[in-house]
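Visitor: I should like to take a close look at a single part of this model, namely the enclosed space in its interior. Please then place that part in the context of the rest of the structure.

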Amino acid sequence: MKTRIEPFKIKSVEEIPMTTVEQREQFLKEAFYNPFYLKSEQITIDLLTDSGTTAMSAKQWGVLMDGDEAYAGSRSYYRFENAVKKITGFKHIIPTHQGRAAERILFGVMCKAGQTIPNNTHFDTTRGNIEYSGANALDLPTAIGTRPDLEADFKGNIDLDKLREAIVEIGPENIPLGMITVTNNSGGGQPVSMENIRETKKILAEYGIPFFIDCCRFAENAYFIKLREKGYENKSIMEIANEMFSYADGCTMSAKKDGLSNTGGFIALNDDSIAEKCRTLLIVTEGFPTYGGLARRDLEALAQGFEEVMDVNYLKYRIEQVQYLGELLDKDGVPFLRPTGGHAVYIDAKAFAPNIAPQYFPGQAIANELYRVSGVRGVEIGSVMFGKEDENGNHIAPPMELVRLAIPRRVYTKSHIEYVAEACVEAYKNRNELKPLKITWQPQFLRHFTAKFEYIK
Ligand SMILES: *Cc1c(COP(=O)(O)O)cnc(C)c1O
């Protein structure tokens, strides 16, 4: 059979709101032209994030009831610990309420002000937590990784030459750890090859620098390795994941992604002394080490989620659903980052709206227009999220201006994807009418979440 189908059937449904263009124009205004301020009841299809928006399986809802809510020593923790150990092989498994808590604790323990942490591309919260601790977040994507128009298999890779140069220049004593993010979320949900992970470990080990994986989408990354990297065609997702983690000294994870659950995260690592320090900080700020800020039932849902996410039929559907949206956009010439990644399609805002310079936030203008025409919510990943100003107030733009359409796991069907594609085409037709924006208010960190905007007349 050639027809692609969702490898599940629907047992429980949730109504989605339908609104008019006029209503949505008003909602956008009330939301300060920042889709983060929109309310669920104003959104028809929500592609803001794939984080914690997963539809849980009947089995996951089932095990929730079996959660053991003991404060200490909960059997739900041990199920969770087992599931994570089976995949990562690490000795210490420390649960947190979500990914950024894992980051804050790990960087709080491992980094000092003025130090630098390299990564293929830091995610926004990772960068935020590093900068908050006074350290520097250094992105080292490959040259091809920041070219939305070029097709390649592993555009998420870290640039190994630049990594070595950076270590020599900064000095290994000023690099408390090196990281790789799989898949590379801010870089287009693009996978990292096994070879790149292996070589990163080699370089870091040469200088005695610990290597951590930001592994939110490890299963999606493993599936891409199976599809695209020689020698892995016949390996299981578990075998590939095991090998990926075997090169690392530890990892942080937002289990709201490939944990197939609505909340959760963890730090996993081998070093006893760092683990002890992490647990101490965990007790102060998250909770006891057998729950880490989560309800114990959530650990049950995660343990089950980690089993389901390794299913190759699920991963095939997942990656092909994202690919399908890309194919539909391609038909009508809507520019997007190629090839489509694991969890999202990223509209190439520079090619979509070349008439708006980065300092006037083309991605934000596109995200707003997309919502206006359809009720579909996406998110800007460009100058709003990562832009900075130099000492003279000049805008420093990140390498790409993107609008991410993140696909929640197991939530939307093929017809929903078709609706989204039509919405993108509709917004693209209006591209010459898009207007520049300015920020009227912003917070000190992670400004994209709460910044307020106005159109420049
Ligand atoms: C989501 C995400 C995080 C942060 O996790 P939260 O659970 O949202 O706190 C960190 N890194 C990457 C790559 C992510 O996608």
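How do the residues of the lining of the largest cavity divide into nonpolar, polar and charged?

Guide: The model is a predicted one. In the lining of the largest cavity, five residues are nonpolar, four are polar and one is charged. The residues concerned are Asn34, Pro35, Phe36, Leu48, Gln364, Gly378, Val379, Glu380, Val384 and His448. Glu380 is the charged member, because Asp, Glu, Lys and Arg are the residue types counted as charged. The volume enclosed by this lining is about 50 Å³, and the model holds three cavities of 30 Å³ or more.

The open space may be set beside this. The largest pocket contains about 1,400 Å³ of space. It is lined by 37 residues, of which Ser12, Ala55, Met56, Arg410 and Val411 are the closest to its centre. By class, the lining of the largest pocket comprises 16 nonpolar, 11 polar and 10 charged residues. Two domains take part, since domain 1 (21-50 + 312-455) and domain 2 (58-308) each give at least three residues to the lining of the largest pocket. Among the secondary-structure elements, α2 (58-64), α11 (296-308) and α12 (312-331) each contribute at least two residues to that lining.

Helix α11 leads from the pocket to the helix packing. Helix α3 (residues 75-88) packs against α11 with the axes 8 Å apart and at an angle of about 30 degrees. Angles under 35 degrees count as roughly parallel, so α3 and α11 fall into that class. The crossing in which α3 passes α11 is left-handed. A second pair is formed by helix α6 (residues 160-170) and helix α7 (residues 194-206), whose axes lie 10 Å apart at an angle of about 15 degrees. By the same cut-off, α6 and α7 are therefore roughly parallel to each other as well. Here α6 passes α7 in a right-handed crossing.

The loops adjoining some of these helices deserve attention for their backbone geometry. Most peptide bonds are trans, and most residues other than glycine have a negative phi. The bond from Val182 to Thr183, however, is cis, with omega near -25 degrees, and Thr183 is placed in the loop between β5 (178-181) and α7. Another cis peptide bond runs from Arg338 to Pro339, with omega near -15 degrees. Pro339 belongs to the loop between α12 and β9 (344-348), and α12 is one of the helices that supply residues to the lining of the largest pocket. Phe361, a residue other than glycine, has a positive phi, near 60 degrees. Its position is in the loop between α13 (349-352) and α14 (362-374).

Methods. Residues are numbered from 1 along each chain as its sequence is written. This is a predicted model: local features need pLDDT of at least 70, side-chain atom pairs count only at pLDDT 80 or more; totals for chains, interfaces and linings use all residues. Side-chain values use heavy atoms; hydrogens and water are left out. On a 1 Å grid over the protein atoms alone, a cavity is a set of points where a 1.4 Å probe fits but cannot get out, and a pocket is an open set with protein on both sides within 12 Å along at least five of seven lines; lining residues have an atom within 4 Å of a point. Grid points are joined across faces, edges and corners, and a volume is the space filled by probe spheres set on the points. Helices (H or I, at least four residues) and strands (E, at least two) are DSSP runs, numbered from the N terminus. Domain bounds come from an automatic or database domain assignment. Axes are lines fitted to C-alpha atoms, for helices over the stretch in contact, and angles run from 0 to 180 degrees between N-to-C directions. Angles under 35 degrees count as roughly parallel, over 145 as roughly antiparallel, 65 to 115 as roughly perpendicular and the rest as oblique. A crossing is left-handed if the near helix is turned anticlockwise from the far one by less than a right angle, and right-handed if clockwise.
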